[in-house]
Amino acid sequence: ILYREPEFESDAIVASFVASVIGYSTYMGFLGYGEPMLPGADRLIFAQPWELIPYAILGPLCGSVSIFFALSLRSMERVIKSLRGVPRWLTPALGGLATGALACILPQVMDGQYKFIRAAMTGELFTNATLTGSTAWVLLFGCIVLAKCVATALTVGSGASGGVLGPSLFIGGATGACLGAALQTLYPGVVGEPLRQALIPVGMAGVLAAGMRVPIAALVMTTEMTGSYGLVVPLMLVCSSAYVVGRRWGLNHEQVRTAADSPAHAADAVIHILESKTVAGLTDHAWPLTATPNMGLRELVERIQPGTRPVFAVLDNDRIVGLISVPDIQRIMEQPALADALIASDMMTDRLSLTHPDRNLYQALETLRDENHDVLPVVTRTHPHRFLGMLTRERIFETVKHDIEEMHRQVLREHTGLVAMEQEGQLQQLALGVTPRKEKIQRLMVPLQALGQSLRQSDFANQFGVQVIAIEHPDGSLQCPPDPDLPLQSAHRLVAIVHQA
């Protein structure tokens, strides 16, 4: 899962590794392993420590190019949104027309098969071209990098079908080639052909890492696609530095900052509580509302407490054979002639949703939701339908509530800065229950005249014209209602209702 900040989906890593290996091996087993994207990249290696200097330059350069790429894409999206009078179906055509005009100047921007990058990698581009001089090659590669960013923004940003993964690789390869040509221009006797070639696949990974905000994935993907396994060290350096420089301007708007901001993790704390507890711990083994299949309706009705909506478990010896709820009984009671003739087996529901003691509460809650039940019979796995007790929705709720409250207390103990928020929350809750719209709650210091006296002794309401509804102690706790005989101290705060004019 992609995030803007460094983050791992720890629960998915192992499964992802297994799925990737099996999927990759299966695919290649049918279609073959083919050739790497860049010929000769598998022979390139990182040989000298001084080579880290060019790679140290390449990383921030790839990050900067990624920023330009992202800004181009966003600018085009804003332009398209501003064209209010243009039909939506026409904007991709306009983007394609502009891309075609750009390709008339630099045809390389239309290269979707990396032929230009492959030719630069093998050196064929330099032997067959009419350009002379290293400076000309630097300018050409630089113009192609910028033009490819703009061309991709014109197509993808205008709403045409397409993605940014392939263009990112092309732009990164051209960036590496541009730096290689620049280094050969400045230091012709220092930068050799192997280093110039190595900058191309490493540049691919750099732009991909910054643009997609996936430094580790970019390293692995580029290594596999190009076969550049001997360049792992410079790939790590370039991917990391490019990511640091360009991650703020990523290409994917949908990426949230961290896992904490992801909707998929919004209920992690509650789900953890539910998954860490089993049904066995919350089962009511002494379920009082049981009946035999032959029990009469009137006997069942006599066992119902006023104001309750019980559910009867119908047991045949120790096996559960059905459930009877209050609505089932009410439907029968509407026909008095049948009341004396019916027994439990006539009224019960034999279509049962059951659970087992070793299941976790999250699984049980899913069953309760799917079946819209308030209770769930618990049975053994070894003896089907052998009744052990009943699990109630209310019991699950109380357990989760208790654990969340305990977690809340631990948070306040560990993070004292959050106590102020807790106090404000208590004040807001208090205000909701006691104040009309024309009045508001305020925290007041104890007046000098009232120090050492209680609310009763000082006749506080009449003397100061406010109604004290709580006393806040120095530790932040609220005493509500306030003790009228408590001597007031300077460390106290009075939570009072103040009338608004």
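Arg409 is partly exposed in this predicted model, with a relative accessible area of 36%. That residue is a handy way into the salt bridges, since its side chain meets that of Glu406 in one of them. The structure holds ten salt bridges in total, and it also has an open three-stranded sheet and a largest nonpolar core of 67 residues. Here's the rundown, topic by topic.

**Salt bridges**

- For Glu406 and Arg409, the N to O distance comes out at 2.7 Å.
- Both partners sit in helix H17, three residues apart, which is about one turn of the helix.
- Glu406 is partly exposed too, at 27% relative accessible area.
- Helix H17 also supplies Asp403, whose side chain joins Lys277 in a salt bridge at 3.3 Å, N to O.
- That pair ties together distant parts of the chain: helix H17 spans residues 393-414, while Lys277 belongs to the loop between helix H11 (268-275) and strand S1 (290-291), and the two residues are 126 apart.
- Lys277 counts as partly exposed, with 25% relative accessible area.
- Asp261 and Arg257 make another salt bridge, with their closest N and O atoms 3.6 Å apart.
- How accessible are those two? Asp261 is partly exposed at 38% relative accessibility, and Arg257 is partly exposed at 47%.
- There's a network as well: salt bridges link Glu366, Arg369 and Asp370.
- As general background, side chains of opposite charge can pair when their charged atoms come close.

**The sheet**

- Three strands make up an open sheet, running in the order S1-S2-S3 with mixed pairing.
- S1 and S3 (319-325) stand at the edges with a single partner strand each, so one side of each has no neighbour in the sheet.
- Strand S2 (residues 311-316) pairs with S3 in the antiparallel sense, over six bridges.
- Want a register marker? Look for Ala313, which stands opposite Leu323 in S3.

**Nonpolar cores**

- In the largest nonpolar core, with its 67 residues, the ones with the most contacts inside it are Leu38, Tyr55, Leu58, Ile117 and Phe141.
- Plenty of helices chip in: those giving two or more residues to this core include helix H2 (52-82), helix H3 (91-105), helix H6 (134-157) and helix H7 (165-186).
- Which helix gives the most to this core? That's H8, with twelve residues.
- Phe141 touches Phe116, Ala120, Leu125, Phe126, Ala174, Ala177, Cys178 and Ala181, leaving aside residues up to four places away in sequence.
- Another core lies apart from it, with 24 residues, among them Leu342, Met347, Leu352 and Leu354.
- The general trend here is that nonpolar side chains tend to be buried together in soluble globular proteins.

**A buried threonine in H7**

- Thr175 is found in helix H7, one of the helices giving two or more residues to the largest core.
- Is Thr175 buried or exposed? Buried, because its relative accessible area is 2%, under the 20% cut-off.
- Counting only residues beyond four places away in sequence, Thr175 touches Leu58, Leu61, Cys62, Val65, Val145 and Val207.
- One of those contacts, Leu58, is among the residues with the most contacts inside the largest core.

How values were computed. Residues numbered from 1 in each chain as written. Predicted model: local features only at pLDDT ≥ 70, side-chain atom pairs only at ≥ 80, totals over all residues. Heavy atoms only, no water. Salt bridge = Lys/Arg side-chain N within 4 Å of Asp/Glu carboxyl O. Buried < 20%, exposed > 50% of the residue type's maximum accessible area, 1.4 Å probe, protein only. Helix = DSSP H or I, 4+ residues; strand = E, 2+ residues; numbered from the N terminus. Pairing = 2+ DSSP bridges. Core = buried A, V, L, I, M, F, W, Y, C linked by side-chain atoms within 4.5 Å. Contact = heavy atoms within 4.5 Å.
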